[in-house]
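Here is a short set of exercises on rings, charges and cysteines. Grab a pencil and work through them with the model open.

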Amino acid sequence: MVRKHLREMSFGVSDLLVAKPQLDELSRQVPLLYVLLSVNSLAVAYSLSDSAPFWLTTLMPVLLVVVSACRVFLWMRRPTPPDAASARRALNRITVIAAILALAFVTWALALYSYGVREERAHIAVFMAVTMIGCIFCLMHLPQAALAVTAVVTIPYIAYSLYEKNTVFAGIAFNTLLVMLVMIRVLMNNFRGFRELVHSKEEMERLGRENLILANTDNLTGLSNRRLFFAELARMLEGAENTQGFVAVGLLDLDRFKPINDTHGHGVGDRLLEAVAQRLSQVQWEVPDLVVSRLGGDEFAFVGPLDKRSAEAVGVRLCEALAQPFELDDLVLTLGASCGVALSTDASGSAQELFNRADYALYQSKKNSRGQVCLYTLDHEREIRSEEALERALSTADLEAEMQLHFQPVVHFDTGAVQFVEALARWNSPILGPVRPDLFIAAAERMGLIHDLTLVLFRKAVAALGQLPECVNLSFNLSAQDVTNPPTVLNLVSIVRQSGVDPRRIMLELTETAVMRDFRQADQSVTLLRSLGMGIALDDFGTGYSSLSYLHRLPIDKIKIDRSFVHALQDQSGHDLLRSILMLCQSMTLECVVEGVETVEQLATLRELGARAFQGYLFAKPMPMDALLAWIDADEPEVARPARHAAQTV
């Protein structure tokens, strides 16, 4: 048992991860221990002041109190160790000092023992017992020091009692030792829990850091991604308002990337994008405070505190860098790029407005001067903007007639069966034609139409659920504004109740943004929806670094891992991170769906990692209800083929 305790305590010191938290906890408790020792020592000295020599009742306790006061002073001024190794060395010193001081106190107490009568000796025994108890509690985060102090105090006291042949006090000493051993055992249990808590916290922080990096970095090129680009743009615009400075946004689009990608394959295309990123990074390093990002596909962007001339010069340098041939093994490829630039003076301070103007300038560059830099001008300002046209069309749209739903299956690997179908909004505007969902949903949120749009789509989705087989359930997305709007949530409940469908067949998907917008209201909404029987899924999991906390704070039934993790599988870090998330879900018994599965190779890798449910183009693209029903009723649904091929690969 003692060896086991020593091994546990040795691990507590050698474990660098725990060393700094141990020292932090001790800094709050050890000064109290010295105060306790000082007060008790003075009390013992006073009780024997008439019978013991002056040097034992005055000089020695005063010396011990002075040493204790110095130690308290040092603890109060103790600097934070720069690293865990320094903290571990400090813990070793504390253990040695604790043993030395304990020996000094017990030697002094035993020296007084021979001068006392029965009551005074009892006081000394109480002093040593209280000393040990105080040491154990105050040193509970450094158990090897607590055990050392216990041994230094108890063993001499027992030996002295046996030597004096005082059976009463020897019995008290043995009883004290028994209590101390029990307390040491309790201390070890508590310390084990403390150590596990530190490790768990570190693991959560590590996952959070990796999530943060992944959420802000493009997995292929290593450049900052769209999320970080807009964050930097917002930050620079805020700073420019205070300093009367400029902010420039430039968008770049590769001119001949698609034909190269189609001709030579995605492997060459990915390597070409990496080479493009390297050249863009070289320019980024040469221009102070410039941020270059990959927005997606072959679209890149830069943002920086640049005036008109400097912004145009940076755009020219980037275009010239990309105009030079790229050598990939035996291939020599020529790309070129077009660039659109807008300055904060061209917009009213909105990051989105500035981005839209740069996007329009890019459109003009590709249309009229491919391979060149186009600056946004007042002439462009007078032209019809696509966003304004979209908002006008949406404001006059007949949502009931124009909005439709397509459905994409969620497939279980082991059975090849469709578990859910996700309802996805589609808008074919009589004015604009087909409009991308991300565009019109964002516009609806800006215009305050999102609640009406959600209710229209939800009614259609619930009605469509009646056409699906009983074994197939429905998944529906709620926006950030929906889940924090009580009237919308109540209307959702009313729609379900009036429809007569089983609420347990409906899964509502929330994004982290929806939760973070107003956590208290989101929590109330989720509780109400789940009380009706509907399930709750956390969508796009991993794209926000605080997602892990919501798994504990919200009643989540399922998580959907963002497609960016699947795209990162080719990197070891992405592979390990996805494995960690899947293991986390398994440990919490959370159902997990992996989004964005596009190849059999990805499916096989995910299956090896333990994933069971999938969604992506490998199985099916979103489709209208009639096409979905025909697809489900097929003799050998296409969904079964990828699962079968992946199983063979595994």
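The exercises below each come with a worked solution.

This is a predicted model, where local features need pLDDT of at least 70 and side-chain atom pairs count only at pLDDT 80 or more, while totals for chains, interfaces and linings use all residues. Residues are numbered from 1 along each chain as its sequence is written, and side-chain values use heavy atoms, with hydrogens and water left out.

**Exercise 1.** Classify the ring pair Tyr360 and Tyr363, and find where the two residues lie.

*Solution.* Start with the rule: rings of Phe, Tyr and Trp (its six-membered ring) pair if their centres lie within 6.5 Å, and planes under 30 degrees apart are stacked, over 60 edge-to-face, the rest tilted. That rule gives seven aromatic pairs. Here the centres of Tyr360 and Tyr363 are 6.1 Å apart and the planes meet at 35°, so call the pair tilted. Next, location: both sit in helix α12 (residues 351-368), three residues apart, or about one turn of the helix. Helices are DSSP runs (H or I, at least four residues) and strands likewise (E, at least two), numbered from the N terminus.

Last, check the cover. Buried means under 20% relative accessible area, exposed over 50%, partly exposed in between (1.4 Å probe, protein chains only). Tyr360 has 11%, so it's buried; Tyr363 has 46%, so it's partly exposed.

**Exercise 2.** Do the same for Phe458 and Phe476.

*Solution.* Geometry comes first: 5.1 Å centre to centre and 70° between the planes make this pair edge-to-face. Phe458 belongs to helix α17 (residues 450-465) and Phe476 to strand β11 (residues 473-477), so the pair ties together parts that are 18 residues apart in sequence. As for cover, Phe458 is buried at 0%, and Phe476 is buried too, at 3%.

**Exercise 3.** Which rings have Arg279 and the charged end of Lys621 over them?

*Solution.* The test is NZ of Lys or CZ of Arg within 6 Å of the ring centre and within 35 degrees of the ring normal. Arg279 lies over the face of Phe326, 3.6 Å from the ring centre. Lys621 has its charged end over the ring of Tyr617, 5.3 Å from the centre.

**Exercise 4.** How many disulfides are there, and what is the situation of Cys585?

*Solution.* A disulfide needs a pair of cysteine sulfur atoms within 2.5 Å. The count is zero. For Cys585, the nearest cysteine sulfur is that of Cys592, 4.3 Å away, and Cys585 is in no disulfide. Cys585 is buried, at 2% relative accessible area, whereas Cys471 is exposed, at 60%.
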